[in-house]
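Trainee: Could you take me through this model before I plan my reading of it?
Mentor: Certainly; please have the structure open as we go.

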Amino acid sequence: MIRCMAIDDEPLALQQIVTYINKVPFLELATQCQSALEARQFLEQDTVDAIFCDINMPDLNGMDFVKSLTTPPLIVFTTAYAEYAVEGFKVNAVDYLLKPFGLQDFQRAANRLKDRLSPKLGDDRGLNKGNISSSSDPQPPNLGGLEDDTIFLKTEYRIVKVSISDIRYVEAMSEYLKVHIEGDSKPIITLLSMKKMEERLPDYFMRIHRSYIVNLKMIQEVNKNRIIMDKDTYLPIGDMYKDAFQQYLDTKFLGK
């Protein structure tokens, strides 16, 4: 069994997590707390294997609480604020549940806890007894090809499959990348370098700026030093990349 702690300052949200823990055969509720300070007091006297932890709490928020632990157990963050996702990467959380979430999402997180802890705890702790069906296989590398037009990206503690041909453009954001996908309003945020991405993408992608790689097939217009992807998206062409991009245009240009 995986001993769990549930932390949330909202009683209804806390009760939901407790209910879900009780529905998963290989999870065992060790305690439930309405504050990170209460959770810290418990951990001074006892241990758990995993914590389901809200982030936005008074006195001490969940992120700071986890960072303060000398040897933290596995963490699954639960929050209504998507902007905490990138911050969560830095504390190596197992999963990130965005409220409101259902039992299926919770089961996914539970299965990831089980996958992470199985080698450590073994059968004697009951991890292979009464398991719910796993929604995720052992995680593949952060970026790797399944086939010529497919890559995997790690985002918000999930591994998602992406068709390369659906990528519109890639945008650098510090040590992270925003991968903009055709038909999706929100980009995929992944911890990866531009160099690594550029090496993996096929030749119909081109680096046009230190912060942008574009799918050449999806360019609608070139206007001076800008590439227009659609009516709302204008990407700059950096000085270092102008010559290479112009050479590409010359191969496609018809006219005088």
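Trainee: How much of the protein chain counts as buried?
Mentor: This is a predicted model, and 45% of the 256 residues of the protein chain count as buried.

Trainee: And how many helices and strands does the secondary structure come to?
Mentor: The protein chain has seven helices and 16 strands.

Trainee: What about the area that the protein chain exposes?
Mentor: The exposed area is about 13900 Å², and 47% of it is supplied by carbon and sulfur atoms.

Trainee: What share of the contacts join residues at least 24 apart?
Mentor: Counting contacts between residues at least 6 apart in sequence, 51% join residues at least 24 apart.

Trainee: Let us turn to H2. Which residues in H2 are buried?
Mentor: Ala36, Ala39 and Phe42 are buried in H2. Viewed down the axis of H2, the buried residues fall within an arc of 115 degrees, so they line one face of the helix.

Trainee: Why would residues a few places apart end up pointing the same way?
Mentor: An α-helix has 3.6 residues a turn, so residues three or four places apart point the same way.

Trainee: What covers the buried residues of H2?
Mentor: The cover includes strand E1 (2-7), strand E2 (27-33) and helix H3 (62-68).

Trainee: Now a pocket. What is the volume of the second largest pocket?
Mentor: Its volume is about 340 Å³. The second largest pocket is lined by 15 residues, of which Leu43, Val48, Thr71, Pro72 and Pro73 are the closest to its centre. Helix H2 (36-43) and helix H5 (103-121) are the elements that give two or more residues to this lining.

Trainee: And how does that lining divide by class?
Mentor: The lining of the second largest pocket has seven nonpolar, four polar and four charged residues.

Trainee: Where is Asp46, and is it buried or exposed?
Mentor: Asp46 sits in the loop between H2 and strand E3 (50-54). Its relative accessibility is 32%, so Asp46 counts as partly exposed. The C-alpha atoms of Asp46 and Ala30 are 9.3 Å apart, and the two residues are 16 residues apart in sequence.

Trainee: Next, the loop between E3 and H3. Is Met57 buried or exposed?
Mentor: Met57 is in that loop, and Met57 is buried because its relative accessible area is 7%, under the 20% cut-off.

Trainee: Which residues does Met57 touch?
Mentor: Leaving out residues up to four places away in sequence, Met57 touches Ile7, Asp8, Asp9, Ala36 and Gly62. One of these, Ala36, is also among the buried residues of H2. Separately, Met57 and Gln34 are 23 residues apart along the chain, with 8.9 Å between their C-alpha atoms.

Trainee: What is there to say about backbone geometry?
Mentor: As background, most residues other than glycine have a negative phi, and most peptide bonds are trans. Asp59 is not a glycine, yet has a positive phi of about 70 degrees. Lys224 also has a positive phi, near 55 degrees.

Trainee: Where are Asp59 and Lys224 found?
Mentor: Asp59 is in the loop between E3 and H3, and at 74% relative accessibility Asp59 counts as exposed. Lys224 is in the loop between strand E14 (221-223) and strand E15 (226-230); at 76% relative accessibility, Lys224 counts as exposed.

Trainee: Which residues does a cis peptide bond join?
Mentor: A cis peptide bond joins Lys99 and Pro100, with omega about -5 degrees. Pro100 lies in the loop between strand E5 (95-98) and H5.

Key. Residues numbered from 1 in each chain as written. Predicted model: local features only at pLDDT ≥ 70, side-chain atom pairs only at ≥ 80, totals over all residues. Heavy atoms only, no water. 1 Å grid on protein atoms, 1.4 Å probe; cavity = no way out; pocket = protein on both sides within 12 Å on 5 of 7 lines; lining within 4 Å. Points joined across faces, edges and corners; volume = space filled by probe spheres on them. Helix = DSSP H or I, 4+ residues; strand = E, 2+ residues; numbered from the N terminus. Nonpolar A, V, L, I, M, F, W, Y, C, P; charged D, E, K, R; others polar. Buried < 20%, exposed > 50% of the residue type's maximum accessible area, 1.4 Å probe, protein only. Arc of directions from axis to C-beta. Contact = heavy atoms within 4.5 Å. Areas by Shrake-Rupley, 256 points an atom, 1.4 Å probe, with all protein chains shown as cover.
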